[in-house]
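Reader: I would like to go through the terms used for this structure one by one, and to hear in each case how the value leads to the word.

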Amino acid sequence: MRVVHKVILVTLLWLIFFNPGSITHIDTERRMQMAHAWWSGKEEGITGDKLVINVNGKNYIPYDLGQSMLMLPGDWLGTNLSKSITSNEYQRQQFTEAFVSFAIFVPLNLLAVLACFRSLILFDYPEKLAGLSSIVWLLGTSVLYYSTIHQQNNQILLFVLVSYQTALLYILKEKKQFAVLSGMALGIAFLIRITNLLHAVSVLVFLVGCITYQQLNKQQSKSIFKSLKSVLLWLGGFIPFVVLERILTYYRYGSWTATSTGLHLQIYSRANTLLEPNSIVQGETKGFSFMSLLTKIELKGLLAPLFSPEKSVFIYDSLLIPCLILLFVCWKFLSPYIKWYLIAGILNFMLHLYIYSWTDEWIEHPEWSARYHVTSVHLFLIPLIPLIIRGATTKINKSTNLSKLIVSWIAKIVVAFALFIQLASTILPSGLEQTQQRLGIGSPLRIAQRISNIFTLIDYNPQSDTQISQVLERSPGFAPDRKLTWEILPFRLKIWLKPNSSLYQLIPILFVVWGLICIMAVITTVWVFSELSH
C-alpha cells in the first residue's frame with residue numbers, strides 16, 4: 001500500500017468517527033439555510049433567528065457566500081433523497097444535515113490533509129515522513145476540532161494551502177498555469193470569507209520572495225521583471241473571483257459597495273433595539289463602512305490569541321511552542337522555500353492579529369482556540385511538524401547517546417500531549433466551557449476545565465448527574481430529561497431522539513458500527529505509525 005493510501009485510510013476513519021452527523025454550529029446552519037433558499041426559492045432566514053437583514057424589501061442572512069456554495073450540492077441532493085425516506089419534516093432536515101456533514105465536509109477535510117501531504121513532498125521531505133506528519137497535523141492540531149464543527153476554517157485552510165502549493169509548483173516547474181491556479185484557489189477562499197485578502201498578501205510575499213531567491217541564486221538580473229510577471233499571472237486567476245463576489249453581492253443587495261461584513265455588523269450595532277423575537281434590521285447598503293474599524297484596536301483583542309486562557313494558540317495548539325523552538329534551532333538548515341513560507345506565515349498571523357483586534361467580543365465565543373487566527377497557525381506548522389516527528393521516530397539502541405535519547409523522548413511526549421489535547425477538544429460539546437465560564441462555574445482556562453469535565457463525566461453518578469448539568473439547567477430552553485453526553489454520533493442521537501421514534505431503534509446498531517470504526521481507526525493508526533516510522 002502506498003504512503004498516500006495509508007494517509008487516506010487513517011484520515012477517513014478518524015474523520016468519520018468524529019463527524020457529528022449534523023450541523024452543530026449556528027453559523028454553518030445559517031449558511032446551509034442560505035444554500036437551501038437559493039435553489040428552493042424560499043426566503044433566507046431561520047425562524048426565531050435575529051441574524052437576518054432586510055434590504056430593498058427582501059430578507060437576507062448577511063454572510064459571505066463561499067461556504068454556502070460548497071454546501072449547495074449536498075443540500076439539494078440530501079433534501080431530495082430525504083423525501084423518499086420519510087414524510088416527517090424534522091427527520092428530513094436531520095437527514096439532510098447528516099448527508100451534508102458526511103458527503104461534503106468529510107471529503108473537504110480529507111483534501112486538506114492530502115494538500116498538507118503534497119506540500120511536504122514539494123518541500124522535499126521524504127514521503128514516509130510527510131505521510132506521518134500529515135496525520136499528526138490532523139490529529140495533533142485544532143484542524144481536528146474544526147473538522148467536527150464544520151465552520152469555515154478548514155475549507156479556507158484547504159484553498160489557501162492549495163494556493164501556496166500551486167505557487168511553489170510555478171516556481172519549481174515555471175509553468176504559467178500554476179500561478180493562475182494559485183490565484184484561483186485563493187479566489188475561492190476569498191468567496192468563503194472576504195478577509196482572506198490577508199492570505200492573498202502572504203501568498204504573494206511567498207511567491208515573490210521565492211522567485212527573487214531563485215533569480216539571485218542563478219545570478220540573473222531579471223528578478224524584478226519575473227516577479228512582476230508572476231504577480232500578474234496570479235492576479236489573473238484571483239481577480240475574476242473578486243469580480244464574481246461583487247456581482248453576486250450586487251445581485252443580492254443592489255449595491256456594488258455593500259459587503260456582507262458591513263451588513264452583518266449593522267445587526268450587531270442595533271442588537272439592543274431588537275426587542276421583538278421576529279424584528280429585523282432594515283439594512284443600509286451605504287453609509288455603514290466597516291473599514292473604519294481597521295483604525296480601532298482593542299488591546300485585549302490584540303493579545304488574546306497569544307495570552308488569553310480562553311483562546312491562546314500556544315495552549316490550544318500545543319505543537320506551536322515546540323515548533324517555534326525548532327524554527328530557531330534549525331533555521332539555517334531549512335530550505336529557502338520553507339524559509340519564505342514561514343516568513344509569509346508569520347506575516348499572515350500578524351495581519352490577522354491586527355485585523356481582528358477591533359473588538360474583544362470573539363474571546364467569549366465557544367470555539368476551540370482563536371478561530372480567526374488558527375488557520376495561520378495550521379499553515380505555519382506544516383513544514384515544522386516533520387522536525388518533531390523526525391526526533392520522535394529516532395531509532396533507540398544501546399549505542400544511542402544520551403542527548404539523542406532525551407530528544408527522542410521529549411518529541412514523543414510532545415506529540416502524545418498534542419494528540420490528547422485535540423482528542424479532548426472533540427469529545428464534549430464545544431460550547432460547554434464557555435457556558436460554564438459565563439455562569440461562573442469552573443476555570444477560564446478552558447482546556448483545564450475540559451479535562452475536569454471529561455473526568456466528571458467518566459465518574460458520572462445519578463446523584464450528582466455530573467456537576468456539568470448546572471450548565472444545562474441554567475441555559476435557555478432547558479429540558480429536564482436532557483443529559484450531557486459524549487460528542488460522538490451514537491451518544492448524541494441517544495440523547496436527542498425520542499425513544500418511540502423509528503430511528504431510535506437503530507441506535508444499538510450505530511453503537512456497534514461506531515465501535516468498529518473506532519477500533520479500526522486505532523489499529524490502523526498504530527500500524528501506519530509503525531510502518532512510516534521505519
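Author: In this predicted model, the axes of helix α22 (residues 489–496) and helix α23 (residues 507–533) come within 9 Å and cross at roughly 165°.

Reader: What makes α22 and α23 roughly antiparallel to each other?

Author: Their axes cross at roughly 165°, and angles over 145 degrees count as roughly antiparallel, so that is the term for α22 and α23. Their crossing is left-handed. On the side of α22 the contact is made by Leu489, Pro490, Phe491, Leu493 and Lys494, and on the side of α23 by Ile507, Leu510, Phe511 and Trp514.

Reader: Why is α17 called oblique to α18?

Author: Helix α17 (residues 385–392) and helix α18 (residues 402–426) pack at an angle of about 125°, with their axes 7 Å apart. Roughly parallel needs an angle under 35 degrees, roughly perpendicular one of 65 to 115, and roughly antiparallel one over 145, with the rest counted as oblique; an angle of about 125° fits none of the three named ranges, and α17 is therefore oblique to α18. The crossing in which α17 passes α18 is left-handed. Ile388, Ile389, Gly391 and Ala392 of α17 make the contact with Ser408, Ala411, Lys412, Val414 and Val415 of α18.

Reader: How do you know whether Asp124 is buried or exposed?

Author: The relative accessibility of Asp124 is 68%, and exposed means over 50%, so Asp124 counts as exposed. Asp124 lies in the loop between α4 (89–122) and α5 (127–139), and its phi is near 75°, a positive value in a residue other than glycine.

Reader: And what makes Ser369 buried or exposed?

Author: Ser369 has a relative accessibility of 0%, and because buried means under 20%, Ser369 counts as buried. Ser369 also has a positive phi, of about 70°, although it is not a glycine, and its place is the loop between α15 (336–355) and α16 (374–381).

Reader: Which term applies to Glu364, and why?

Author: Glu364, in the loop between α15 and α16, has a relative accessible area of 57%; the bound for exposed is over 50%, and Glu364 is therefore exposed. Not counting residues up to four places away in sequence, Glu364 touches Gln434 and Arg446. Glu364 and Glu310 are 54 residues apart in sequence, while their C-alpha atoms are 7.8 Å apart in space.

Reader: Why is Lys229 called partly exposed?

Author: Its relative accessible area is 35%, and partly exposed covers what lies in between the 20% bound for buried and the 50% bound for exposed, so Lys229 is partly exposed. Lys229 is found in helix α10 (residues 223–253), and its C-alpha atom is separated by 9.9 Å from that of Val208, 21 residues away along the chain.

Reader: What is the corresponding reasoning for Leu168?

Author: Leu168 has a relative accessible area of 2%, which is set against the limit of under 20% for buried, and Leu168 is therefore buried. Leu168 lies in helix α7 (residues 153–173) and, leaving aside its neighbours within four places in sequence, is in contact with Leu122, Phe123, Phe206 and Tyr337.

Reader: What makes α16 mostly covered?

Author: Of the 8 residues of α16, 8 are buried, among them Val374, His378 and Phe380.

Reader: How do you know that the largest nonpolar core lies between domain 1 and domain 2?

Author: The largest nonpolar core has 129 residues, and those with the most contacts inside it are Trp137 and Tyr341. Both domain 1 (293–346 + 369–427) and domain 2 (433–531) give residues to this core, so it lies between them. Trp137 touches Ala112, Val113, Cys116, Val143, Leu157, Leu161, His378, Ile382 and Ile385, not counting residues up to four places away in sequence. Apart from this core lies another, of 13 residues, including Ile61, Tyr253, Ala258 and Leu263.

Reader: How many of the residues in the chain count as buried?

Author: Of the 534 residues, 53% count as buried, in a chain with 23 helices and 3 strands.

Note on methods
Residues are numbered from 1 along each chain as its sequence is written. This is a predicted model: local features need pLDDT of at least 70, side-chain atom pairs count only at pLDDT 80 or more; totals for chains, interfaces and linings use all residues. Side-chain values use heavy atoms; hydrogens and water are left out. Helices (H or I, at least four residues) and strands (E, at least two) are DSSP runs, numbered from the N terminus. Buried means under 20% relative accessible area, exposed over 50%, partly exposed in between (1.4 Å probe, protein chains only). A nonpolar core is a set of buried Ala, Val, Leu, Ile, Met, Phe, Trp, Tyr and Cys residues joined through side-chain atoms within 4.5 Å. Domain bounds come from an automatic or database domain assignment. Contact means heavy atoms within 4.5 Å. Axes are lines fitted to C-alpha atoms, for helices over the stretch in contact, and angles run from 0 to 180 degrees between N-to-C directions. A crossing is left-handed if the near helix is turned anticlockwise from the far one by less than a right angle, and right-handed if clockwise.
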